[in-house]
Amino acid sequence: MRAERVDHPVDHDQAVDTLRRSYAAVPAGEPVRLAKRTSNLFRPRSTPRTPGLDVSGLTGVLGVDPRAGTADVQGMCTYEDLVDATLPHGLMPLVVPQLRTITLGGAVTGLGIESTSFRNGLPHESVTELDVLTGAGEIVTARPVGEHAELFRAFPNSLGSLGYATRLRIELQPVRRYVSLRNIRFTRLEELTDAIAEVVEKGAWAGEPVDAMDGVMFSPGEAYLVLGTFTDEAERPSDYTGQDIYYRSLRRRTRDALTAYDYLWRWDTDWFWCSAAFGVQHPVVRRLWPQRYRRSDFYHRLVRLEHRHQVAARVDRWRGRPARERVVQDVEIPLAETAGFLRWFAREVGMTPVWLCPLRLREPAGPGSARAWPLYPLQPGETYVNIGFWGSVPIAGAAADGDVNRSIERAVSETGGHKSLYSDAYYDRETFDRLYGGAVWRAVRDRYDPEHRLTGLYEKAVARK
């Protein structure tokens, strides 16, 4: 690969050697974890008794090849740093998850999504090869075909249970200086899903090309599709890193524009709308809250502190308020079932707003069918809508903590959909194996981790180990 020099070259071989030594130092039978500074998981996990794996040298971009439209990237590189390396070349990853500190390796092994997913699929579909530290302590290079093709296919959604990516080669796409936006309001959800189908089929809406598509539902009678077009011209691009708040603009603007950089991180400043839980959307608090702390990773640290110390929960108990159940999920619903699911969710759960992000598995470049990803088996040729909802609901009456999440899991399965595993999951093992490729996962695990040193997928996602 002809890769251009990057601004902060790293000794990749030394970093991999450091990782392997730290893995070898973990006693047999002890859980293996990454020593990461940030996390976008919402699953509470048991506290390890041994140090995490040293990935401190695996956080960079090894090279960008503008001619080939590819990049070699270390596994712990954040999308914030990856975008900083690709945008100067007029390029971006095919899918850029919406939060700055999501890592490329994390988005591949744990899934990711964003507004280009209606045509580019999920982040792992732009990977052409990856180096993986396996449970046997070996580094193997997995590609779509060849000796390690089964590991390549099973790695997405394996959550570190099949190993850790140290290097990934990904495809890039051209991007312009700005993104022109149309905020289309719908008062009937069927009209919204019809519009999604049209954009997916034609790549355009009302005669204008669409390069990116997502949306927000405030209620079943008020939902918006945001259609983005890459462009080199924009009169006065908006800025939502200051006092203005991005999601509120959908209700008051039919047209908008952002720089490409600001578009990629438009949701990060306020963690979609979740910054309201910390008072950051109040005008006075917002003026006083340092701009450098208006970031999803800072809000996530506050959430982790609350999980650890339970301050808000103790205050609620003191005030006589009911306990609350955390409902933080992203689910993929087939397009034909989306309107019905959204109405069910509004009626039975009642959290608003919710994020809407259409997606399809990526069409193959050459002849043949789309690749299958057995640990997250979306159907090739099917359009889905990712529905994201993040917050909590009161635990009422005789209900138990987890009941709402279990009802959501049942409703998702009834539509033929799937649920991401970055947050709480309540499936029994038989159901989990059926939904998340348990037989394939076990076969790959037995080959690449014969002593079963790495924590299993079910144990990570459901048992919180």
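Student: In this predicted model, which elements are included in what covers the buried residues of helix H15?

Tutor: The model is a prediction, and the buried residues in question belong to helix H15, which spans residues 438-448. The cover over them includes one strand, E5 (139-142), together with helices. Named in full, the elements included in that cover are strand E5, H5, H14 and H16.

Student: Within what arc do the buried residues of H15 fall, seen down the axis?

Tutor: The buried residues of helix H15 are Gly438, Trp441, Val444, Arg445 and Tyr448. Because they fall within a limited arc when one looks down the axis of H15, they line one face of the helix, and that arc is 130 degrees. In general, an α-helix has 3.6 residues a turn, so residues three or four places apart point the same way. For the buried residues of H15, then, the arc is 130 degrees.

Student: Helix H1 holds a salt bridge between Asp17 and Arg21; how many residues apart are the two partners?

Tutor: The closest N and O atoms of Asp17 and Arg21 are 2.2 Å apart. Asp17 counts as partly exposed, because its relative accessibility is 38%, which lies between the cut-offs of 20% and 50%. Both partners lie in helix H1 (residues 12-24), and their separation, about one turn of the helix, is four residues.

Student: Are Arg167 and Glu129, which meet in a salt bridge, buried or exposed?

Tutor: The side chains of Arg167 and Glu129 meet at 2.7 Å, N to O. This pair links distant parts of the chain, with Arg167 in strand E6 (residues 164-174) and Glu129 in strand E4 (residues 127-133), 38 residues apart. Buried means under 20% relative accessible area; since Arg167 has 9% relative accessibility, and Glu129 has 9% as well, each of them counts as buried.

Student: Which residues are linked with Arg167 and Glu129 in a network of salt bridges?

Tutor: A search of the whole structure finds 33 salt bridges, and the bridge between Arg167 and Glu129 belongs to a network. Besides Arg167 and Glu129, the residues linked in that network are Asp72, Asp131, Arg143 and Arg169.

Student: In the salt bridge between Arg464 and Asp424, which partner counts as buried?

Tutor: The closest N and O atoms of Arg464 and Asp424 are 2.6 Å apart. The pair links distant parts of the chain, 40 residues apart: Arg464 is in the segment after helix H16 (457-461), and Asp424 is in the loop between strand E16 (418-419) and helix H14 (429-435). Arg464 is partly exposed because its relative accessible area is 28%. At 2% relative accessibility, the partner that counts as buried is Asp424.

Student: What is the phi of Asn157, in the loop between H5 and E6?

Tutor: Most residues other than glycine have a negative phi. Two residues in the loop between H5 and E6 have positive values, namely Leu159, with a phi of about 55 degrees, and Asn157. Leu159 is buried, with a relative accessible area of 12%, and Asn157 is also buried, at 0%. The phi of Asn157 is near 75 degrees.

Student: What is omega for the cis peptide bond that joins Thr352 and Pro353?

Tutor: Most peptide bonds are trans. Pro353 lies in the loop between helix H12 (335-348) and strand E14 (354-359). For the cis bond that joins Thr352 and Pro353, omega is about -5 degrees.

How values were computed:
Residues are numbered from 1 along each chain as its sequence is written. This is a predicted model: local features need pLDDT of at least 70, side-chain atom pairs count only at pLDDT 80 or more; totals for chains, interfaces and linings use all residues. Side-chain values use heavy atoms; hydrogens and water are left out. A salt bridge is a side-chain nitrogen of Lys or Arg within 4 Å of a carboxyl oxygen of Asp or Glu. Buried means under 20% relative accessible area, exposed over 50%, partly exposed in between (1.4 Å probe, protein chains only). The arc is that of the directions from the helix axis to the C-beta atoms. Contact means heavy atoms within 4.5 Å.
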